[in-house]
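Please take a moment with the sequence and the 3D view before reading on. The paragraphs that follow lead from one part to another, and it helps to find each part on screen as it is named.

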Amino acid sequence: MGSSASIHMAQLPNYLLSNRKRLTLSQDEVAFLLGTQSGAKVCRYERFAREPSLEMALAFEVIFQRSASELFDGLYKKVEQEVAARAKELAARTDRQKPNRRTARKREILTNIANNVFNQ
Amino acid sequence: MNKIQPKYFRILAIAPSTVGFGFAVLEGQDTLVDWGVKKVKGDKNVESLSKAEKLIAHYQPGVLVLEDASAKNSRRSARIRKLYQRIIKMAVNRKINVKLFSRDQVMKAFIADGRGTKHALAEIIAKRFPEELNFQLPPKRKPWMSEDSRMNIFDAVALALLPRLW
């Protein structure tokens, strides 16, 4: 999932610590559930020093019974905004194409992606 | 749909004690992000300040909430009063809003007539965050027992909720 150099201004990159505390699990216990060797890795995720792989993120979803987008709210919001900005740009590019039913449908989808984020 | 962001998105509250301090990080309307007790040894104020600084660096709160040790009925010790001053100074240097609430204000916010025990307040807070705090609530202490350090978590959570209530 790349490095966590930039953090969304409002949300924290992830909410793994609060969810682990809510379930009264130790870092070592979560590490065991994740199938990793020690709690050090979990500690690094919780301190935002490292971002988990997709497989790990899904494992966290299973453990904490919360969606990955909820657990990694800050990261999700950052990705969401970046995708929306690109969707807006692609919609503008589509506008310059020859208008037909296909481009109209594409334009509608891209506008929806962009608006869903910017209207939040 | 437009979401209204509360004025202070993330709030950190610190409740010092003889063994260290209890802390709570509250986000949005009512989401408890982190809570716990930081225990210190040796120079308690230096250690406490260092741990408070780490919490601030990690959570980057918009506001820091502390008990008003200068309030009329405050019975905090000289050491803790000094610690409050140092934490406030550190927060101001980092351009973090500092909110102070007296013990009376805390009690009035949660208990109808403002009169109640620390344990009664803790029970109210535990009911508000059952998933997070119910198991942390220590049994009511007997007169010969010393206070459980976990009680400071509830004080910190109560303080963290106050900027939203006042």
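Is the crossing of α4(B) and α6(B) left-handed or right-handed? Keep in mind while you look that this is a predicted model, and begin by finding the two helices in chain B, where α4 runs over residues 118-128 and α6 over residues 151-165. Their axes come within 9 Å and cross at roughly 65°, and since angles of 65 to 115 degrees count as roughly perpendicular, α4(B) and α6(B) are therefore roughly perpendicular to each other. As for the handedness, the crossing of α4(B) and α6(B) is left-handed. The residues that meet here are B:Lys118, B:Leu121, B:Ala122 and B:Ile125 on the side of α4(B), and B:Met151, B:Phe154, B:Val157 and B:Ala158 on the side of α6(B).

Now turn to chain A, which is divided into domain 1, covering 16-71, and domain 2, covering 76-118. The C-alpha centres of domain 1 of chain A and domain 2 of chain A lie 34 Å apart.

A helix to study in chain A is α3, made of residues 39-46, in which A:Val42, A:Tyr45 and A:Glu46 are buried. These buried residues cover an arc of only 95° around the axis, which puts them on the same side of α3(A). What do the buried residues of α3(A) pack against? They pack against two helices of chain A, namely α1 (16-22) and α2 (27-34).

The pairing of α2(A) with α3(A) can be described further, for the two helices pack at an angle of about 105°, with their axes 7 Å apart. That angle makes α2(A) roughly perpendicular to α3(A). In this packing, A:Gln27, A:Asp28, A:Val30 and A:Ala31 in α2(A) meet A:Gly39, A:Lys41, A:Val42 and A:Cys43 in α3(A). If you follow the chain onward, you reach A:Phe48 just after α3(A), and A:Phe48 takes a positive phi of about 65°.

The last stop is A:Lys78, which lies in helix α6 of chain A, a helix of residues 73-95. Why is A:Lys78 described as partly exposed? A residue is buried if 20 or more other C-beta atoms lie within 10 Å of its own, and exposed if 12 or fewer do; A:Lys78 has 18 other C-beta atoms within 10 Å, and so A:Lys78 is partly exposed. Finally, A:Lys78 and A:Ala114 are 36 residues apart along the chain, and their C-alpha atoms are separated by 13 Å.

Technical notes
Residues numbered from 1 in each chain as written. Chains lettered and ligands numbered in written order. Predicted model: local features only at pLDDT ≥ 70, side-chain atom pairs only at ≥ 80, totals over all residues. Domains from an automatic or database assignment. Helix = DSSP H or I, 4+ residues; strand = E, 2+ residues; numbered from the N terminus. Arc of directions from axis to C-beta. Contact = placed C-beta atoms within 7 Å. Axes fitted to C-alpha atoms, helices over the stretch in contact; angles between N-to-C directions. Parallel < 35°, antiparallel > 145°, perpendicular 65-115°, else oblique. Left-handed = near helix turned anticlockwise from the far one by under 90°.
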